[in-house]
Structure formats: C-alpha cells, structure tokens
Amino acid sequence: MMVSPLLERIRRREAKVGVVGMGYVGLPLGMAFAEAGFPVTGLDVDTRKVENITKGVSYIKHIPSEPIQELTSKGKLKATTDFAKAREMDCIIICVPTPLTASREPDMSYIIKTGEALAPHVRPGQLFILESTTYPGTTDEVLKPLLEKNGLKAGVDFHLAFSPEREDPGNKNFNTKTIPKIVGGHTPACLEVAQALYASALKETVPVSSTRVAELAKLLENIFRCVNIAMVNEMKMLCDRMNIDVWEVIQAAGTKPFGFMPFYPGPGLGGHCIPIDPFYLTWKAREYEFHTKFIELAGEVNQQMPYYVVTRTMEALNKNKKTLNGAKVLCLGAAYKKDIDDMRESPSLRVISLLKEKGAEVEYHDPYVPRLEEGHGFHYTMQSVPLNPETLAQYDAVVILTDHSSIDYNQVVKHSQCVVDTRNACKNVGPGREKVTKA
C-alpha cells in the first residue's frame, strides 16, 4: 500500500486544494479551506463565476463579497477554467450537480465530464474526493474508472474518497465549517488522508467504513425529510377537508418533548437535494430487484402539491365570483425557501406554469430573484414586479409561495382582494384575515 507524503503537507497547510464546481457547495467549501490557510483554486466551466471570484465579488446572496475579496487579495483563493491546473493540486474535491433526466433517472453527465476532464492530469499521491449527492456505488463505479484511465490505481497510486455535502443556504445556525462532515474512503489509507484534510478546516469529521456508506447516508438524510414532508403535506390536504388548521395541529403536537419532530407543509419541494435524491435510491434499488414503495409514494404526494395550490387558488377566486381563466394572479416568492436567492427545483416555477396553463395572467415578486429565465422545464422569461398597495390592488389573487421575511404580510392582506397562503405567512396578520385561504 502506498505511503503518501500528502498527510504531512495537509498538516502543515501546504497542500494545494482544488475545488471543482464553485456553486452553492463549492464556493463556501473553498473559502473554508482558504481561511484555514490552504492555497485554494476553484475550477469551473462557468467563466462568470471565475471572473467574479478573481474580482472578489460574490454571486450568491447569503455569501458576502468581503471575505472573498480578502482571500483573493492574499492569494489564498483563485479560480480558473483550465482543468490542466488540476495536475498542480494535491487534493481535488468535486462539487458538481447531480440532477435527474427528463425520465427521472440519475444524470451522471456532470460527474462523468468532470472525471474525463481530470483524468489526463491525475498524478501519483493526489487525493480525489466526490461530494456530489448520488447513489451508492457512484464513487467506485463511475468516478474511479475515469480517474484510472492513465493506468494509475485508486488506493495504490492516488487516494479516493466520498464526503457528502451538507449545505443549507441561508441557515444562520450552521455553516460549512460547523456541520459535521461524513467521510468514506476507498481504502483505510484513503480515509485517513481525506479525514485529515477535512479536519484541518472543519469542526468535526465523521468517518465511515466505505464510500458507499457515505453515499447512502446522504440519501437517507434527504429521504427522511422527503417522506416526512409528504406526510405533513397529505395531512394538510386532509385538514382542509376537515376545516382544521394544520399549522395549529403541528404547533400543538410539537409541544411533546420526545418522539415528535415538526415538519411543515408547503407548495411542493425545492432545493437541489430533497426533490431529487430519493429518486437516485429508487433507481439504484431496481438493480437489486427491490421496489422502494414508501419513497416513491412520498415523491408522488410532494409532486402533486403545486396542483393542489392551483386548486385552492381556483376555490379562493370562486368565493369572489371569479374564474382562474383570465384572472390576474401575483405569486409572492420564486426562491425555493425564505430569504435566499436559490432557485434550484423551486416549486414556485411549477405553480406559475400551472396557473398560466389554466389561463391566468401571472406575475411574480421576489426581492432576491429579479428575473426568471427559461430553462429546466420552465418555459417563460419574467421580471419581478414592484410590491406596493397600488400593484397589490390590481390582482384578483395573491399566492404566497415563499415567505420572505422582508415582506410585510399585513400590508399584503390589507391591499389584496384575496390571498392564498401556502406557508402560514399570514398567521399574525390583523384585519383582513377573512381574505386569506390556506393552501
């Protein structure tokens, strides 16, 4: 087994770290290593990101520009589109997207393209870590053969590991440095080196016995949320039938000091992980002749929520003797959750599309998303409209899809003809509560 001098370079903070994919995961991770004293280079095919990092400018709302500028000015953080620079790196961490295909199967194209781009530059003694959320076996079955194309072997000539990303954009209680880091190595020696790297920059590491355990742990985390959100979304639809406030029910149940964890309903699932990851496991399970009924049922419930929101909007309009076809509708919030600019898999886009398909004239407002672009199944280009009493009064219905903290919901209810609230944002409004339909 290879004995690598890389451990000493890591302990002295001399190891050069490369991060492939400088998005919501890669940028804060690269900054964490740079702040710990490592020289970091971001590799990305997006020239805009590379240019912004070089200028010290943030392109992600919850990450300020100042720390980026400080790191770049000290030469600790750089960025490039030239993947040949990977040969100079000691440790390369891959943080590329893993979406689904149109048929809801894993799309490995980003990992494959990254592996192919890195393959010519693999040299003895390097460490490669995959962070992209994926099915068990990806590190061994997809990435490893690509990196071994030039004859070098994982676990013998270079180190290989998997460590799932655990980013939660906008979370003020946890960040890249403080969230425990699961690490699984291709061999025990690979694990030792990968764990040493993360331990040099992050607060806590959690070693596991293999890359497959680490890959499945990430899926379990997100499937847990997916299934529980589906359960509470179904409960919400039942509560509407029974004329019971599901939010009050959840609040009451949440007073139990053991055995209950509150989850909250919404217009659908958003973010890169929870709407996508369960399908990675259901796809892989078929290889073992296993049908994941529970997971797939949860996916079906959550995928139906945008349709339910549209139905509730129709019912709210009916109370005012109006139809959805031809109605002017304002959607409040486009990001997938409050107080961020992250649009990945946002259910707002599906709700907007469905409303338009039903004949509604739809506009939107989001203080963090000034423009919606066509793509990823969304077929419209839209601009965020101003939010004020005059504009609110023009709409037949206002649908709250993202409960941004900066929005005054008392004013929204006061000046709107009717409000459809999918996030319980209007729970504390004063006069005008009769205008609000919960969805």
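Helix 10, which spans residues 277–286, is mostly covered, with eight of its ten residues buried. The structure described here is a predicted model. The buried positions of helix 10 are D277, P278, F279, Y280, L281, T282, K284 and A285. The elements that cover these residues include helix 6 (138–147), helix 8 and helix 11.

A comparable description applies to helix 12. This helix comprises residues 347–357 and is mostly covered, eight of its eleven residues being buried. The buried residues are P347, S348, L349, V351, I352, S353, L354 and L355. Their cover includes helix 11 together with strand 9 (328–332), strand 10 (361–365), strand 11 and strand 12. After helix 12 comes G359, a residue with a positive phi, near 100°.

Two residues of the loop between strand 11 and strand 12 were examined individually. Y380 is found in this loop. Y380 counts as partly exposed because its relative accessibility is 24%, where partly exposed lies between the limits of 20% for buried and 50% for exposed. When neighbours within four places in sequence are left aside, Y380 is in contact with S353, K356, L372, E373 and E374. Of these partners, S353 is among the buried residues of helix 12. Y380 and I352 stand 28 residues apart along the chain, and their C-alpha atoms are separated by 9.4 Å.

E373 is also located in the loop between strand 11 (371–372) and strand 12 (382–383). With a relative accessibility of 49%, E373 counts as partly exposed. The side chain of E373 is joined to that of R371 by a polar contact of 2.6 Å. Beyond its neighbours within four places in sequence, E373 is in contact with F378, Y380 and T381. The C-alpha atoms of E373 and D341 are separated by 14 Å, the two residues being 32 places apart along the chain.

The nonpolar interior was considered next. The largest nonpolar core contains 48 residues, of which L118, F128, L147 and F158 touch the most other members. Helix 8 makes the greatest contribution to this core, giving nine residues. A second core, separate from the largest, consists of 41 residues, including V17, F38, I60 and I129.

Empty space within the model was then surveyed. Rolling a probe the size of a water molecule over the atoms shows where such space is left. Across the whole structure, the search finds one cavity of 30 Å³ or more. The volume of the largest cavity is about 100 Å³. Its lining is formed by V25, L29, E131, P164, E165, R166, E167, T176, I179, P180, K181 and L202. By class, this lining divides into six nonpolar residues, one polar residue and five charged residues.

One residue of the cavity lining, T176, was examined further. T176 is found in the loop between strand 6 (159–162) and strand 7 (181–185). T176 is classed as buried because its relative accessible area is 12%, and buried means under 20%. A polar contact of 2.3 Å links the side chain of T176 with that of E167, and E167 also belongs to the lining of the largest cavity. With neighbours within four places in sequence left aside, the residues in contact with T176 are P28, L29, A32, E167 and L202. L29 and L202 likewise appear in the cavity lining.

The second largest pocket holds about 250 Å³ of space. Helix 8 (211–242), helix 9 (246–253), helix 11 (293–319) and strand 15 (436–438) are the elements that give two or more residues to the lining of this pocket. The lining comprises 14 residues, and D240, N243, I244, R312 and K438 lie nearest the centre of the pocket. In terms of residue class, the lining has six nonpolar, two polar and six charged residues.

A further buried position was identified in helix 4. T72 lies in this helix, which covers residues 65–73. T72 is buried, its relative accessible area being 18%. A polar atom of the T72 side chain lies 3.0 Å from the backbone oxygen of Q69. Apart from its neighbours within four places in sequence, T72 is in contact with I53, T54, G56 and L77.

Methods:
Residues are numbered from 1 along each chain as its sequence is written. This is a predicted model: local features need pLDDT of at least 70, side-chain atom pairs count only at pLDDT 80 or more; totals for chains, interfaces and linings use all residues. Side-chain values use heavy atoms; hydrogens and water are left out. On a 1 Å grid over the protein atoms alone, a cavity is a set of points where a 1.4 Å probe fits but cannot get out, and a pocket is an open set with protein on both sides within 12 Å along at least five of seven lines; lining residues have an atom within 4 Å of a point. Grid points are joined across faces, edges and corners, and a volume is the space filled by probe spheres set on the points. Ala, Val, Leu, Ile, Met, Phe, Trp, Tyr, Cys and Pro count as nonpolar, Asp, Glu, Lys and Arg as charged, and the others, Gly among them, as polar. Helices (H or I, at least four residues) and strands (E, at least two) are DSSP runs, numbered from the N terminus. A nonpolar core is a set of buried Ala, Val, Leu, Ile, Met, Phe, Trp, Tyr and Cys residues joined through side-chain atoms within 4.5 Å. Buried means under 20% relative accessible area, exposed over 50%, partly exposed in between (1.4 Å probe, protein chains only). A polar contact is a pair of N or O atoms within 3.5 Å; within protein, one must be able to donate a hydrogen and the other to accept it, and residues adjacent in sequence count only if both atoms are side-chain atoms. Contact means heavy atoms within 4.5 Å.
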